[in-house]
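Work through these exercises with the model open beside you. Each task comes with a solution in steps.

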Amino acid sequence: MSRFFATGSDSESEESSSADEITPKAPGTNFKQSLLLSDDEEDTKRVVRSAKDKRFEELTNLIKTIRNAMKIRDMAKCLEEFEQLCRAFLKSKNIVDKEGVPPFYIRLLADLEDYLNQLWEDKEGKKKMNKNNAKALSTLRQKIRKYNRDYETEIAAYKENPQESADEEEEKEPGDSGSSSDSDAEEGEDGVSAKSFLKKKPEPSLEASKFLKSAKGSGDESSSTDDDEDEDWGSDTVDSGSESSDEGEGKRSSLALVFLKKAQESEKTSERKIVKKKKTKKKERLEEEAEEEGGEEVEGGWEKVKGGAPMVKEKPKMFAKGTEINTTVVVKKLNEILQARGKKGTDRAAQIELFHALAAIATENNLGQGIMVKIKFNIIASLYDYNPNLAAFMKPDMWKKCLECIDELLDILFEHNNIFIGENIAEDSENLAVSDQPFRVRGCILTLVERMDEEFTKIMQNTDPHSQEYVDNLKDEGRVCGIIDRLLNYMENKGSTEEICRIYLRRIMHTYYKFDYKAHRRSLGLQGESKSEQDQEESEGEDSAVIMDRLCKFIYAKDRTDRIRTCAILCHIYHHALHSRWYQARDLMLMSHLQDNIQHADPPVQILYNRTMVQLGICAFRQGMIKDAHNALLDIQSSGRAKELLGQGLLMRNMQERNAEQEKIEKRRQVPFHMHINLELLECVYLVSAMLLEIPYMAAHEFDARRRMISKQFHHQLRVGERQPLLGPPESMREHVVAASKAMKMGDWRTCHSFIINEKMNSKVWDLFPETQRVREMLVRKIQEESLRTYLFTYSSVYDSISMQTLSEMFELEIPTVHSIISKMIINEELMASLDQPTQTVVMHRTEPTSLQNMALQLAEKLGSLVENNERVFDLKQGIYGGYFNRDQKGGYQQKQSYQRDQKGGYQQKQGGYQGGYQRDQKGGYQQKQGGYQGGYQGGYQGGYQGGYQRGGYRNQNQSNY
């Protein structure tokens with residue numbers, strides 16, 4: 001009898017529970033080997049499943065994992081499993097083409113898209129996500145939206161009636177699996193095995209239906225989990241039970257029993273499904289009724305809770321009915337509310353509302369202004385505490401409330417002069433009740449206003465500077481300055497000197513960086529165009545310069561802390577420099593000696609110092625003080641970190657140099673965008689200053705081997721320009737300056753002028769100055785003068801004499817100016833020439849050596865140093881001396897019996913050896929004296945170098961020509 005008709009065996013009960021396992025046929029087995037199987041192996045059941053069941057089981061398992069990940073909001077896992085699901089579905093394409101897209105797959109796509117949209121709209125939830133989950137959420141949302149476009153019709157049909165879709169799915173799955181098993185039975189011709197397969201087939205689809213509940217049915221999913229498990233796995237238990245009973249009866253029974261049991265079982269399953277459907281519909285009806293009621297719940301009803309562990313919060317109740325409201329009771333309640341401050345789980349917004357409610361009760365019962373001031377202090381403090389994170393900034397609604405509360409507090413203090421506030425008042429000595437005594441309240445309004453100012457700075461730092469929101473937030477600065485002014489007036493009457501200095505500094509910090517256009521117009525003698533503008537100018541108060549002067553001088557005289565005084569001095573210098581008061585700014589900087597110890601100050605003060613030095617340099621440039629401007633800007637620009645040093649942004653660094661915590665601290669030090677100094681303008685001013693200094697210097701010391709660089713950055717830009725293979729018209733600001741430098745080097749001032757002052761450079765740089773035309777005129781003048789100097793340095797060897805009239809016409813300068821420039825060059829011995837007054841010409845003396853003579857001189861110097869070094873190395877090897885050179889009083893080097901420089905300038909060795917060395921004689925040749933080398937360079941200025949450089953060439957003592 002074939003083993004397919006065997007109804008029982010020793011291992012049959014164990015085999016039935018693992019009927020899904022497929023016994024793979026080992027590769028390479030042949031028919032002979034199959035005949036040699038043992039009896040046990042012959043009795044083993046082999047499970048043959050259709051490709052559809054295999055694929056659908058794989059899909060349902062992946063869907064189950066995705067749903068589990070959705071429950072715990074694990075977006076990274078969802079993304080990973082969804083990608084696997086897409087790949088698995090692609091593998092099932094052939095089956096899907098035949099059978100159609102399975103409903104449970106459509107159901108997951110719809111649910112997942114809704115779930116992701118819900119998460120995306122939950123802004124608070126997104127903020128709490130970690131970085132990986134947030135990134136995965138964004139990626140998965142994009143993928144699912146793109147993927148669902150192919151299934152829009154099916155998803156729309158599912159969304160119209162999700163319950164029907166679920167029911168259809170449940171009804172369809174047993175039918176499908178039954179038909180497939182029937183086909184298997186026909187193919188196998190073996191009844192028992194076919195029926196056992198039939199029992200196992202529904203398992204994957206039932207499992208899928210368990211996990212693929214719709215959004216509505218999720219509530220009853222947990223309640224009916226046990227029932228589902230019984231349904232899904234009941235067939236196994238029945239099978240194993242039936243088989244074991246069959247074994248007990250004699251291991252032989254008719255096949256009818258198996259069919260009967262299956263029929264009974266299917267009836268039970270259908271009954272359970274009907275009951276479940278009724279329950280689901282009933283629950284839906286109850287939910288709809290609850291929604292219609294609109295949340296009118298009695299106490300003790302169901303409350304919808306947010307995700308996460310529920311915090312036990314006890315809101316302090318307001319006064320019981322019939323309680324007499326007085327100052328003591330209100331203070332006690334105030335302290336009760338304050339006790340919850342800072343504790344975990346405290347609702348900060350609710351705390352602020354309680355304070356407002358308490359203030360309303362105090363006003364209603366006329367408890368006096370003392371208790372109102374106390375409550376207002378606490379309201380403002382709780383508004384500041386709303387964001388526990390130091391780096392976070394206040395939300396707009398909280399910020400508006402804060403400004404309003406501070407204004408109200410100041411109103412109370414101005415209206416009632418009998419209220420004394422201060423940090424030095426102890427809580428025991430407070431007087432909040434209405435009495436003949438003045439109110440005494442513990443608190444410091446100055447600290448609150450300083451914190452408000454810091455919050456305003458944080459808001460500006462964290463707002464996109466190129467958005468309209470930044471402009472709207474900046475409008476609040478008027479209110480902030482108004483509050484500071486009101487507090488300043490209050491403190492002048494009631495505050496201590498230290499407090500007045502602190503509030504004065506706050507006022508200075510909001511004034512020092514603003515250019516006073518109205519004062520500038522008045523200084524130029526311009527009046528308003530219309531009558532209303534003139535009236536407005538007359539009605540306005542004092543100029544910002546007068547305000548700064550008054551506030552800063554008070555701080556200089558009264559302040560005891562170095563920091564406030566240092567900040568005040570720097571702001572004062574900045575303001576002077578901004579308004580082109582160069583000499584006052586320079587003198588204040590030099591007298592303060594801040595540059596000596598600024599490195600010991602804290603970083604914000606150092607940033608302020610850097611900003612002040614930059615503004616000082618720009619001011620010097622506007623006044624035509626090119627050398628001063630270059631010196632002021634040198635330190636900032638040569639570092640290559642101008643942006644970071646001015647607090648206008650962070651440079652990209654490695655994590656070794658700066659960790660995340662340090663980066664946060666540095667971001668908090670950044671200056672708001674409206675206070676920035678234009679970095680391109682700053683660099684342009686520096687490069688133009690360097691050009692005006694460096695190009696004439698390079699022309700004067702063209703053949704000097706020891707020539708130093710005035711500006712390394714400028715030389716770097718020149719080298720970059722020279723390395724470019726193709727030189728086109730300049731585009732960037734740097735290219736314009738490099739092109740202008742090359743033109744100036746040739747003495748072509750017009751080309752230089754066209755590169756420095758043109759439409760592009762005007763829009764980028766020069767139009768940003770207040771007095772644009774004046775700056776341009778100064779620049780043209782400087783370019784003409786420095787081009788003249790460069791021309792004389794470069795081409796003086798070509799001329800015997802040159803007329804000053806010619807130079808005046810060439811460079812479009814007045815003859816007195818040309819005369820002045822040439823005279824200075826002659827006095828400083830930069831130009832070897834003399835002025836012939838009657839003919840107004842410059843006569844060149846031809847003292848400059850030719851290029852050949854320059855090279856010969858350099859060669860002689862290098863040979864001399866080479867021989868001297870050679871002698872020292874030789875004596876070191878001989879061991880004549882064993883230490884370092886000691887310079888004696890006569891300028892020589894000696895150690896014990898070492899080299900000693902004699903009075904004639906040579907090196908002598910006292911007891912034998914070389915006597916002499918190089919000695920400079922009066923005639924300029926090299927001589928050997930007493931077995932040693934004695935020689936030197938002859939020189940002396942007697943209208944030229946006698947015996948050195950002469951008109952006929954370079955001659956030495958022996959008349960040998962080079």
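Partly exposed means a relative accessible area between the two cut-offs: buried is under 20%, exposed is over 50%. Keep in mind that this is a predicted model.

**Exercise 1. Describe the protein chain as a whole.**

Step 1. Count the elements: the protein chain has 43 helices and 14 strands.
Step 2. Check burial. Of its 962 residues, 41% count as buried.
Step 3. Turn to the surface. About 56,400 Å² is exposed, and carbon and sulfur atoms supply 51% of that area.
Step 4. Look at contacts with a separation of 6 or more. Residues 24 or more positions apart account for 61% of them.

**Exercise 2. Classify Glu-83 by accessibility and find its salt-bridge partner.**

Step 1. Glu-83 has a relative accessible area of 28%, so it is partly exposed.
Step 2. Its side chain meets that of Lys-143 in a salt bridge, at 2.6 Å from N to O.
Step 3. Place the two residues. Lys-143 sits in helix α9 (residues 131–148) and Glu-83 in helix α5, and the pair links distant parts of the chain, 60 residues apart.
Step 4. Classify the partner: Lys-143 has a relative accessible area of 34%, so it too is partly exposed.

**Exercise 3. Show what two further salt bridges connect.**

Step 1. Start with Asp-114 and Lys-159, which form a salt bridge with their closest N and O atoms 3.2 Å apart.
Step 2. Asp-114 belongs to helix α7 (residues 103–121) and Lys-159 to helix α10 (residues 152–160), so this pair ties together parts 45 residues apart in sequence.
Step 3. Asp-114 is partly exposed at 37%, and Lys-159 is partly exposed at 40%.
Step 4. Go on to Glu-680 and Lys-764. Their side chains meet in a salt bridge at 4.0 Å, N to O.
Step 5. Glu-680 lies in helix α35 (residues 679–700) and Lys-764 in helix α39 (residues 759–764), so the pair ties together parts 84 residues apart in sequence.
Step 6. Add a network: salt bridges with shared partners join Asp-407, Asp-411, Arg-479 and Arg-486.
Step 7. For the total, a search of the whole structure finds 38 salt bridges.

**Exercise 4. Trace the surroundings of Thr-511.**

Step 1. Locate Thr-511 in the loop between α24 (497–509) and α25 (517–523).
Step 2. Its relative accessibility is 8%, so Thr-511 counts as buried.
Step 3. Find the polar partner. The side chain of Thr-511 makes a polar contact with the side chain of Arg-507 at 2.7 Å.
Step 4. Set aside neighbours within four places in sequence. Thr-511 is then in contact with Ser-544, Met-548 and His-575.

**Exercise 5. Examine the hairpin of β4 and β5.**

Step 1. β4 and β5 pair in the antiparallel sense over four bridges.
Step 2. Ala-833 stands opposite Met-844 in β5.
Step 3. The hairpin has four residues between the strands, and Gln-840 takes a positive phi near 55° there.
Step 4. Set this against the general rule. Most residues other than glycine have a negative phi.
Step 5. Find another such case: Arg-73, with phi near 60°, is a residue other than glycine with a positive value. Arg-73 lies in the loop between α4 (51–71) and α5 (75–91).

**Exercise 6. Locate a nonpolar surface patch.**

Step 1. Leu-859, Leu-863 and Leu-866 form the patch, with about 310 Å² of accessible area together.
Step 2. Leu-863 is in helix α43 (residues 851–878).
Step 3. With a relative accessible area of 46%, Leu-863 is partly exposed.

Definitions and conventions:
Residues are numbered from 1 along each chain as its sequence is written. This is a predicted model: local features need pLDDT of at least 70, side-chain atom pairs count only at pLDDT 80 or more; totals for chains, interfaces and linings use all residues. Side-chain values use heavy atoms; hydrogens and water are left out. Helices (H or I, at least four residues) and strands (E, at least two) are DSSP runs, numbered from the N terminus. Buried means under 20% relative accessible area, exposed over 50%, partly exposed in between (1.4 Å probe, protein chains only). A polar contact is a pair of N or O atoms within 3.5 Å; within protein, one must be able to donate a hydrogen and the other to accept it, and residues adjacent in sequence count only if both atoms are side-chain atoms. Contact means heavy atoms within 4.5 Å. Patches are made of residues with over 30% relative accessible area and no salt bridge: like charges are joined within 9 Å, nonpolar side chains (Val, Leu, Ile, Met, Phe, Trp, Tyr) within 5 Å. Accessible areas come from the Shrake-Rupley method with a 1.4 Å probe; for residues, only the protein chains shown count as cover. Two strands pair if DSSP finds at least two bridges between them.
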